[in-house]
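This report goes through one protein chain, from single residues to the whole fold. Please keep the sequence and the model at hand while reading.

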Amino acid sequence: MENKKEKILVTSALLYVNGLPHLGHVVGCWLPGDVFARYNRTKGNDVIYVSGTDDYGTASFISAKEVGMKPEEFIHTMNTKIKEIAEKLCISFDKFSETNTETHKETTVDFFNEIYKNGYTVEKESTMLYCEHDKIALADRFVYGTCPYCGYEKAYGDQCDQCGKTYELDDLKSPKCSFCEKDAVKKSTKHIYVSLDKIQPELQKWVESKKDVWRPHVYSMTNKWFKEGLKPRCITRDIPWGIQVPLKDYQDKVFYVWFDAPIGYISITKELGGDEMVKDRWQNKDCKIYNFIGKDNIDFHAIFFPSMELACKKYNLAENVVGFNFLNFEGQKFSKSKKVGIFCNNLMNSDIDIDALRAYLVSIFPENKDSDFTYEGFKLNTNAELVGKYGNFFNRTLNMINKNFGGALEIDYDDIKNSLDENDNEMIEAIKTLPDQIGELFSKTEFRMAYKEIMRFASIGNTYLEKTAPWSLIKNGDINGAKKVLYLCLNMAKALAIVASPIIPNRTAEIWTEQLNFEGRPDGQDMWEKASKINISKSHKVNLPKPLFARLDDEIIERYKQELSHPFDIKTLKK
RNA sequence: CGCGAGGUAGAGCAGCUCGGAAGCUCGCCGGGCUCAUAACCCGGAGGUCACAGGUUCAAAUCCUGUCCUCGCAACCA
């Protein structure tokens, strides 16, 4: 059953530039997207993987001010650092860009113009709080004042922490700007709203068609919106940092970040391959789009962005909105202020094995519910799975081939096919069927299960060695028997390198060239189908093995705990 | 009746969509092997699948109710 090559576009949620990512973002967006993209390339599909940073919005504007930089300079600095971290983690973006580009501005303005032209916008007058000093509109979380109910003086714009009551921004007494603490003033302004209510029927149809594709929690979270009914949503803001709204009377307004950010997926695609690629990936119904996001982003990717796309009528909607849950850390939430977590800026100077880290993270991906990172788990996964099962199998196989046969077995499948016993047949069955089963799991974005199956695959190899005991065969003079066993093991080793390559790309590439002595890379285009073939040539010579992964002891773990727990503080950028 | 997630062997978890003899990793006990990074393989002990009802020939899995735990200001995916 040969599958046709698929066109696939993978996106990972744009990261807000106001800080550097912690493991949560890696585990929910970058890494699953990367594993998925790598698998599909290896499978032979035509994949591109894009992401970047979301540069606009109030917080980054204020942060830039705080460190004495222009917004452009600040976001560029942050974008560069974030990109370095992605590279360190071996996230294989075809393009990692940002939203502060000409291409993005054009794409966003054009996107808006289409919605406008299609009649899906309305104008509304509303009052807002404005800070004359910082020249920005103050959203609920950037303003405080006196609670109209209990008189608490540090109440937020829409809710009081002391009495818990919620209210309208209008009711807050003597409001002040959270940034400069000066009085905020009330202003009346016009804003543009997108008529989500008009789009709801069409959107709902799309969502329903995804019932069996999306993860259950994504589907149910999305459907909750329909029960209450979608309402027009404001997409403009009164701040000086963002993309200008291209309408008369709106010269001083910009688009709300959540309007333009997802359009970034399109503009970054355009940056990568021009209009032609946009056409090929966003306007071609044969291209499937996968959005990898954290659960906090589900609403934006399953409701707002698709609604906008439907109103714009120019681009295709996603095939799958892959919403991940959250990662906790040693039983607690990640927290910068409490220094709970692993903060990726620390990875840059750490000697932690990125592949081992990736493998552990995949094993605990919060696919269906929140999960927990523990150093104990990391240590266990590295020592028991990667060293003991996976790496050990390569080591055993290659060692015996080298020690006893000078690295070359001088046989192939034709030489052994008439002398197969039950154990051999089980081994052959595993090599022929498991790569496809594992691939199926990857393509269904069930990464944790795929990883588990890969480790089970390695265990089958170890058990086979145990049952056949080639070291005894050699001792007893059954050289052909030993060669047969090792030939099958070598073919399994090849398969194991390929199927694990989406998760541990560096180590598998290393063993591929340096130890197995093959050409190319195990994660090369179209390599997947080679995994299930038992076809290594007679004269193939392997090299001496070398341990793939290093064991972790408590001392090293303790050092990582110290090294990796420091959140990045933007104040260090201060001039 | 705020919202959401969860309660499965000592620990951590999978299985629940599409009911059909309780599974994985670690730990523990016993055995085997010595090719391998004190790695590997086999066997065993250990669970009334939170509780109570219901549907069914059959329920961890579906339905109803109850109890308990965790998250829901900000930094933060």
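C90 counts as buried, because its relative accessibility is 17% and buried means under 20% relative accessible area, exposed over 50%, partly exposed in between, with a 1.4 Å probe and protein chains only. The residue sits in the loop between α3 (71–88) and β4 (95–98). Helices (H or I, at least four residues) and strands (E, at least two) are DSSP runs, numbered from the N terminus.

The model is predicted: local features need pLDDT of at least 70, side-chain atom pairs count only at pLDDT 80 or more, and totals for chains, interfaces and linings use all residues. Residues are numbered from 1 along each chain as its sequence is written, chains are lettered from A and ligands numbered from 1 in the order in which they are written, and side-chain values use heavy atoms, with hydrogens and water left out.

**Positive phi values**

Most residues other than glycine have a negative phi. C90 has a positive phi although it is not glycine, and E181 is another residue other than glycine with a positive value. E181 belongs to the loop between β9 (173–177) and β10 (185–194) and is exposed, with a relative accessible area of 51%. G229, just after α6, also takes a positive phi.

| Residue | Phi |
|---|---|
| C90 | near 60° |
| E181 | near 65° |
| G229 | about 90° |

**Helices and their packing**

Helix α6 covers residues 216–228, and its buried residues are H217, V218, Y219, T222, N223 and F226. These buried residues pack against α5 (196–208), α9 (298–312) and β15 (320–324).

Helix α10 (residues 354–363) packs with helix α14 (residues 447–468) at an angle of about 115°, and their axes are 8 Å apart. Axes here are lines fitted to C-alpha atoms, for helices over the stretch in contact, and angles run from 0 to 180 degrees between N-to-C directions. On the α10 side the contact (heavy atoms within 4.5 Å) uses A359, V362 and S363, and on the α14 side F447, R448 and Y451.

Where is A384 found? It is in helix α11 (residues 375–405). A384 counts as partly exposed, because its relative accessibility is 34%. Its C-alpha atom is 9.0 Å from that of R551, although the two residues are 167 residues apart along the chain.

Helix α16 (residues 479–500) has 22 residues and reaches 31 Å from first C-alpha to last, close to the 32 Å expected. The expected span is 1.5 Å times one less than the number of residues. Of its 22 residues 20 are buried, so α16 is largely enclosed by the rest of the structure.

**The nonpolar core**

A nonpolar core is a set of buried Ala, Val, Leu, Ile, Met, Phe, Trp, Tyr and Cys residues joined through side-chain atoms within 4.5 Å. The largest one holds 194 residues, of which W30, F373, F378 and Y390 touch the most other members. Helix α16 gives the largest share of this core, 15 residues. Leaving out residues up to four places away in sequence, F378 touches I352, A356, L357, Y360, F373, L552, I557 and Y560.

**The whole chain**

Chain A has 18 helices and 17 strands. Of its 575 residues, 58% count as buried. Among contacts with a separation of 6 or more, 78% join residues 24 or more positions apart. Taken along the principal axes, the C-alpha atoms fill a box of roughly 95 × 50 × 40 Å.
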